[in-house]
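Visitor: Please take a close look at one part of this model. I would like the contact between two neighbouring parts of the chain, and then one single residue.

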Amino acid sequence: MASKLIDRVRGAQQRYRSSTTADSAEFDRIKRQLHKELIDSLDFEQVSRMPRAELSVRLRKSLTDAVEMRSLPLNRLERERLVEEILDEILGLGPLEPLLRDPEISDILINGAETVFVEKKGRLQKVDVRFNGNAPLMQIIDRIVSAVGRRVDETNPMVDARLADGSRFNAIIPPLALDGPIVSIRRFGTVPITADDLVAFGSCPQPMMDFLRGAVKAKLNVLISGGTGSGKTTLLNVLSSSIPPGERIITIEDAAELQLQQPHVVRLETRPPNLEGRGEVTARDLVKNALRMRPDRIILGEIRGTEAIDTLNAMNTGHEGSLATVHSNSTRDALARMETMIGMGMPNLSDKNIREMMARALDIIIQVD
């Protein structure tokens, strides 16, 4: 008797699910319709003056009421999901929002509108997230890059930017990307990793960490070398925490991602050229200007070109304790890359003089693998 009753309940539940669950196409159609109706009903002048938190509450109520008033072929969970997705598209970054809310995701990799991978707990895996075509994905890319004063289009199809939470953002679009817009997001934890964390993770022995922190406090010039994704920026953040709070620190980056905790930090960011090819501000320009800003230390997020000259000059002219990173596979390669970059900016300087400049400026090179 009991088993028959259970079977009847399960059967009723299954019939309910099948009768109240919309397929993907129907769900998307309903979402587009409600999204359009909500946008059409907004007073944009009033919305522009409204705090984001208040706007979110009002939009959620309007959407919830609109959903409840309709006889939609959606179950309760789908109705909640519908409201969340529309809010994410209006106030946030659409399908990216659930991924950005997951603290365990360190990388988000979008290979066109239909394919999204994430790195979670060190493992790369495909997720059931998609965009409704390349056009909506491009809208999200434009929203991100325009927020930091950058642009991406066919004449400028590659762009670096940052998200509001400090995550590093890169996009490359057609015609260079053959399968649609490609997005790479490197996320950073909301709580910065500390020296104790690196020791606990087994990334760095305690004696070595004590030595490196002591080197920073003693104002030695440090160059951090490593490959892509090796943790150079993480280590740079950790070591910078050893800088005394009374010092004036100037950071220079292509896309701001350092998370310094000191009270006196000046953050500078490079700028690409505009549509007319004007207005570019390079890392070298910023290093030169930083020297006029009375810095105690200069931190360069990554040395990529001729700014290596001015960085080493700064280290040699009273700005000890500066830190920088460089892409390379070994400390020997790091020196070779630095030598090449200096030679690009000062072709008349002999190899001997370049090496003497590096020897005087750099105290420690750390290889991160």
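Guide: What follows covers a domain interface and then one lysine. The model is predicted.

Start with the layout. The domain assignment splits the chain into domain 1 (21-91), domain 2 (94-189) and domain 3 (195-367). Take domain 1 and domain 2. Their centres, taken over C-alpha atoms, lie 23 Å apart. Six residues of domain 1 and seven residues of domain 2 make the contact. Together the two domains bury about 530 Å². Carbon and sulfur atoms account for 27% of that area.

Now the side of domain 1. D28, D88 and E89 lose the most area to domain 2. Together these three make up 71% of what that side buries. Two helices, α2 (24-41) and α5 (76-91), each supply at least two residues of this side. What about specific pairings? Zero salt bridges are found across this interface. Residue pairs in polar contact, both at pLDDT 80 or more, also number zero.

Next, the lysine. K232 sits in helix α10, which spans residues 232-240. K232 is buried, yet has no salt bridge. The nearest side chain of opposite charge is E302, at 5.9 Å. A salt bridge needs the charged atoms within 4 Å, so E302 at 5.9 Å does not qualify. The side chain of K232 does reach a backbone oxygen, that of G226, at 3.5 Å. G226 is also among the residues K232 touches. Leaving out residues up to four places away in sequence, the others are I224, S225, G227, T325, V326 and H327.

Note on methods
Residues are numbered from 1 along each chain as its sequence is written. This is a predicted model: local features need pLDDT of at least 70, side-chain atom pairs count only at pLDDT 80 or more; totals for chains, interfaces and linings use all residues. Side-chain values use heavy atoms; hydrogens and water are left out. Helices (H or I, at least four residues) and strands (E, at least two) are DSSP runs, numbered from the N terminus. Buried means under 20% relative accessible area, exposed over 50%, partly exposed in between (1.4 Å probe, protein chains only). Lys and Arg count as positive and Asp and Glu as negative; His and the chain ends are not counted. A polar contact is a pair of N or O atoms within 3.5 Å; within protein, one must be able to donate a hydrogen and the other to accept it, and residues adjacent in sequence count only if both atoms are side-chain atoms. Contact means heavy atoms within 4.5 Å. Domain bounds come from an automatic or database domain assignment. Buried area is the accessible area (1.4 Å probe) that two parts lose on being put together, summed over both.
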